[in-house]
Amino acid sequence: EGTRVVCERQYDRQTRWPCGGGTEGRHERSLASLAGWLFEREKEGMKKTRKPKPFVAAPEPSNRFLKMLSIEHWNKLRGILPVQDLRDEALIVLMYEAALRRSEPGQIRLDYLRKLAEGKIYVQRNKKSHSGWVDLQPSTVSLIRSWIFSRYPLPERSREWFLFPGNRYAGQPPQGISGRTVYNVYNRLAKLAALPKDLSHPHVLRRSRSQHLLELATTNKDI
């Protein structure tokens with residue numbers, strides 16, 4: 001420590017490290033500075049002599065993100081819904097018919113049902129998807145009506161109430177059903193319907209709806 005060395009080499013002002021050349025300048029460098037310079041040069045030499053990595057073939061494309069319910073799977077799931085809770089039945093059928101994500105049913109308020117008599121419901125989409133009115137089948141409309149009258153028996157209902165209310169804690173405003181609860185509900189029903197394990201996520205309802213419409217020869221405009 002404290003030892004100084006004399007480098008009688010030309011000094012490069014751009015890199016600020018001694019480089020090859022004559023003895024035109026005398027510049028003192030500490031041992032630590034010289035050691036760092038040697039270490040950098042050694043790293044550069046290692047990069048030049050590094051062996052190329054062996055070729056690794058690309059993996060086969062996977063379809064694990066494209067799981068869908070077949071019509072037989074949906075009929076099997078739909079068959080066990082009437083024996084379950086009315087909320088679960090209305091939730092699953094609405095998610096399938098409106099192609100909802102698991103976080104979107106909790107955003108539906110009673111105000112979004114003001115056109116329910118016309119067979120329409122307003123859906124607020126997430127992830128920058130297009131929000132708007134969705135047409136429902138008459139059976140789905142009657143199912144939602146039954147759920148509303150059973151959940152809110154009072155004749156006066158606030159438009160701010162949620163169609164599928166979630167857990168309300170003390171001191172917190174009302175909130176809709178959470179995505180985790182939707183996942184648990186669908187996962188439990190999928191097990192009761194003996195669906196494959198890779199079809200136990202509620203997002204398959206969203207994918208399956210458009211696929212079933214295509215199989216039924218529905219036009220792209222309707223989809």
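What follows is a conversation about a predicted model of a protein chain.

Visitor: What makes the elements of the protein chain run as they do from the N terminus on?

Guide: The order can be read off as β-β-α-α-α-β-β-α-α-α, and the secondary structure comes to six helices and four strands, where a run counts as a helix with at least four residues and as a strand with at least two.

Visitor: Why is Leu 77 counted in a nonpolar core?

Guide: A nonpolar core joins buried residues of kinds such as Leu and Tyr through side-chain atoms within 4.5 Å, and the largest one here has 42 residues, of which Leu 77, Leu 94, Leu 163, Tyr 186 and Leu 205 touch the most other members; therefore Leu 77, as a member, must be buried, with under 20% relative accessible area. Several elements each supply at least two residues of this core, among them helix 2 (71-80), strand 3 (120-123) and helix 6 (203-215), while helix 3 gives the most, with eight residues.

Visitor: How do you know that Leu 163 is in contact with Trp 147?

Guide: Contact asks for heavy atoms within 4.5 Å, and, leaving aside neighbours within four places in sequence, Leu 163 meets this with Leu 94, Ile 108, Arg 109, Leu 110, Leu 113, Ile 144, Trp 147 and Ile 148.

Visitor: What makes up the lining of the second largest pocket, by class?

Guide: This pocket, with about 270 Å³ of space, is lined by 13 residues, and Leu 110, Leu 113, Leu 116, Ile 148 and Arg 157 lie nearest its centre. By class, the lining has seven nonpolar, one polar and five charged residues; Arg counts as charged, so Arg 157 belongs to the charged group.

How values were computed:
Residues are numbered from 1 along each chain as its sequence is written. This is a predicted model: local features need pLDDT of at least 70, side-chain atom pairs count only at pLDDT 80 or more; totals for chains, interfaces and linings use all residues. Side-chain values use heavy atoms; hydrogens and water are left out. Buried means under 20% relative accessible area, exposed over 50%, partly exposed in between (1.4 Å probe, protein chains only). On a 1 Å grid over the protein atoms alone, a cavity is a set of points where a 1.4 Å probe fits but cannot get out, and a pocket is an open set with protein on both sides within 12 Å along at least five of seven lines; lining residues have an atom within 4 Å of a point. Grid points are joined across faces, edges and corners, and a volume is the space filled by probe spheres set on the points.
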